[in-house]
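Trainee: Please take one part of this model and go through it closely. I would like a connected account of the ligand site.

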Amino acid sequence: MKLSTQNLLGIRNLNPEDIQLILSTAQQFKDVLQRPVKKVPSLRDVTIVNLFYENSTRTRMSFELAEKRLSADTLNFAVSNSSTSKGETLLDTVNNILSMKVDMVVMRHSASGAPHFLAKHIPAAIINAGDGINEHPTQALLDAFSILEKKKKLKGLKVAIIGDILHSRVALSNIYLLTKMGAEVMVAGPPTLIPKYIKEALGVHVTYHVSEALAWCDVANVLRIQLERQNQPLFSSLREYNLVYGIKKDMVDKLKKEIIIMHPGPINRGVEIDSDVADGPHSIILNQVENGVAIRMAVLYLLANREN
Ligand code: CP
């Protein structure tokens, strides 16, 4: 089976069959990753550049590891030590890299739409590793994979996404994926951090009360406040945010249900989530990180093999 797309720019343009194919392929790679020898020859002679114009820990390392596990050749580009500071454009940079016979580009960029722009101008497959406040498709895929491991289904599941929805590419990709796969989504947080017409535009429930979201959901995906994307104050202080919207142990304990708590990272402990919840029995945060490698192996493999 093949994906219906040559690039992974977002979840928005995937169909449910694409999502299912990526998730089932990732399960095969997860099985491989449990073996003593974790490396397969699938992408031997494929060269991939990881082009990170914005900081990353999990996504960058996860892609790099996925590429190594698939036996691809990898190049790593970090904007801080590149010639971008000398005035080179994104397109010139990528065309120069591609002239060295690179087959695929994994890109993170602070500008929403940067990977879509690249995809219009270059022949290599592009994978969006997070673009501004737009999408983070592999995060949503690894989140779905992690939910499936614990809950065995997406259809009919209730997922609350809690926090800074307005500036979150993780929220948007998760909403697209979960609603396409038949889950119900509720977004929760301060009114200033939830887009005004999200209910009508994306078909999600909205609440400004975190306790309501927790009581409703099977899965809570907690998001960081993205101060780097806010150019004006949208809430009074981080301390007050934690008091009103932070997820605390007593809130989770009193639910008396098998809720799972997720977070894409990086966590701001004591702001959107307290340590005893992030590290507690309901948390699957490190499972998400582990599953990211299998998901990225699946995406790279499926995009590289689309002609087979
Ligand atoms: N979840 C995520 O995208 O984390 P990084 O910014 O560390 O890659």
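Mentor: Start with a nitrogen atom of the ligand: a polar backbone atom of P264 lies 2.8 Å from it. Taken alone, the ligand exposes 250 Å², and the protein buries 92% of that. Keep in mind that this is a predicted model.

Next, the side chains. T59 has a side-chain N or O atom 2.6 Å from an oxygen atom of the ligand. R108 also reaches a ligand oxygen atom with its side chain, where an N or O atom lies at 2.8 Å. So far, then, P264 contributes a backbone atom, T59 a side-chain atom and R108 a side-chain atom.

Now the full shell. The residues around the ligand begin with S56, T57, R58 and T59. R108, H136 and Q139 follow, and P264 and G265 complete the list. By class, six of these residues are polar, two are charged and one is nonpolar. As for the space itself, the ligand takes up the largest pocket.

Then place the site in the chain. The protein chain divides into two domains. Domain 1 covers 11-135 + 290-304, and domain 2 covers 137-288. Both domains give residues to the shell, so the ligand lies between them. T59 and R108 fall within the bounds of domain 1. P264 falls within the bounds of domain 2. The polar contacts described above therefore involve residues of both domains, in keeping with the shared shell.

Last, the two domains themselves. Their C-alpha centres lie 25 Å apart. Across the boundary, 30 residues of domain 1 are in contact with 29 residues of domain 2.

Note on methods
Residues numbered from 1 in each chain as written. Predicted model: local features only at pLDDT ≥ 70, side-chain atom pairs only at ≥ 80, totals over all residues. Heavy atoms only, no water. Near = heavy atom within 4 Å. Polar contact = N/O pair within 3.5 Å; in protein donor to acceptor, adjacent residues only side chain to side chain. Areas by Shrake-Rupley, 256 points an atom, 1.4 Å probe, with all protein chains shown as cover. 1 Å grid on protein atoms, 1.4 Å probe; cavity = no way out; pocket = protein on both sides within 12 Å on 5 of 7 lines; lining within 4 Å. Sits in = over half its atoms within 2 Å of the grid points. Nonpolar A, V, L, I, M, F, W, Y, C, P; charged D, E, K, R; others polar. Domains from an automatic or database assignment. Contact = heavy atoms within 4.5 Å.
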